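Reader: I would like to learn how to read the features of a protein model, one step at a time. Could you take me through one?

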Amino acid sequence: MKNYCNVTNSGMDDKANGSVDTKSPVENGQLPDPANWGVADVVNYFKATGFEEQATAFQDQEIDGKSLLLMTRNDVLTGLSIKLGPALKIYEYHVKPLQTQHLKSNAS
């Protein structure tokens, strides 16, 4: 299980809308590949990025890293039973960037 306790204190800037800029490096120049995350890693990631309450939805639905990378915007907005505001932020500022990072790292 990976430790994401320092995610928000690792050069990531909190934005005014409550999201965190995930483009900053966290571990060896970038976030570890989410495809290798277990359910607990996904939960810890979202807890560390300020979505502690919503992280339980990922636990309840048993979302691991591979599942996270397959999630669509609609999955996050409707499939996790979390409020719309946090769900939008989770998708736009976390899920989508993680998917993009994964695709870029596997393309090279």
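Reader: In which kind of crossing, right-handed or left-handed, does α1 pass α2?

Author: Please keep in mind from the start that this is a predicted model. The crossing in which α1 passes α2 is right-handed. Two packed helices are described by the angle between their axes and the distance between the axes. Here helix α1, residues 39-48, and helix α2, residues 52-60, pack at an angle of about 165°, and their axes are 8 Å apart. An angle over 145 degrees counts as roughly antiparallel, and α1 and α2 are therefore roughly antiparallel to each other.

Reader: Which residues of α1 and α2 make the contact?

Author: From α1 the contact takes V39, V42, V43, F46 and K47, while α2 contributes E52, A55, F58 and Q59. When the residues of this contact between α1 and α2 are sorted by character, six are nonpolar, one is polar and two are charged.

Reader: Which residues of α1 are buried, and what do they pack against?

Author: A residue is called buried when its relative accessible area is under 20%. In α1 this holds for D41, V42, V43, Y45, F46 and A48. The buried residues of α1 pack against α2, and also against α3 (65-70) and α5 (84-107). For the protein as a whole, 39% of the 108 residues count as buried.

Reader: How many aromatic pairs are there?

Author: Aromatic rings are paired when their centres lie within 6.5 Å, and by this rule the count comes to three aromatic pairs. One of them joins W37 and Y45, with 5.3 Å from centre to centre and 40° between the planes, and this pair is tilted. Both W37 and Y45 are buried. Another aromatic pair, F46 with F58, is stacked, with 4.4 Å from centre to centre and 10° between the planes. Since F46 lies in helix α1 and F58 in helix α2, the pair ties together parts that are 12 residues apart in sequence.

Reader: Are F46 and F58 buried or exposed?

Author: F46 has 0% relative accessibility, so F46 counts as buried, and F58, also at 0% relative accessibility, counts as buried as well. If you then follow the ring pairs from residue to residue, you find that they link W37, Y45, F46 and F58 into a cluster.

Reader: How many helices and strands does the secondary structure come to?

Author: The protein has five helices and zero strands, which, read along the sequence, gives the pattern α-α-α-α-α. To see how parts of the sequence are brought into contact, one can take the contacts with a separation of 6 or more, and in this protein 57% of them are between residues 24 or more positions apart.

Reader: Which residue takes a positive phi just after α1, and which residues other than glycine have a positive phi?

Author: Just after α1, the residue with a positive phi is G50, at about 100°. E62, which is not a glycine, has a positive phi near 55°, and E62 is found in the loop between α2 and α3. S81 is not a glycine either, yet its phi is positive at about 55°, and S81 is found in the loop between α4 (73-79) and α5.

Reader: Are E62 and S81 buried or exposed?

Author: The cut-off for exposed is a relative accessible area over 50%. E62 has a relative accessible area of 60% and is therefore exposed, and S81, with a relative accessible area of 69%, is exposed too.

Conventions:
Residues are numbered from 1 along each chain as its sequence is written. This is a predicted model: local features need pLDDT of at least 70, side-chain atom pairs count only at pLDDT 80 or more; totals for chains, interfaces and linings use all residues. Side-chain values use heavy atoms; hydrogens and water are left out. Axes are lines fitted to C-alpha atoms, for helices over the stretch in contact, and angles run from 0 to 180 degrees between N-to-C directions. Helices (H or I, at least four residues) and strands (E, at least two) are DSSP runs, numbered from the N terminus. Angles under 35 degrees count as roughly parallel, over 145 as roughly antiparallel, 65 to 115 as roughly perpendicular and the rest as oblique. A crossing is left-handed if the near helix is turned anticlockwise from the far one by less than a right angle, and right-handed if clockwise. Contact means heavy atoms within 4.5 Å. Ala, Val, Leu, Ile, Met, Phe, Trp, Tyr, Cys and Pro count as nonpolar, Asp, Glu, Lys and Arg as charged, and the others, Gly among them, as polar. Rings of Phe, Tyr and Trp (its six-membered ring) pair if their centres lie within 6.5 Å; planes under 30 degrees apart count as stacked, over 60 as edge-to-face and the rest as tilted. Buried means under 20% relative accessible area, exposed over 50%, partly exposed in between (1.4 Å probe, protein chains only).
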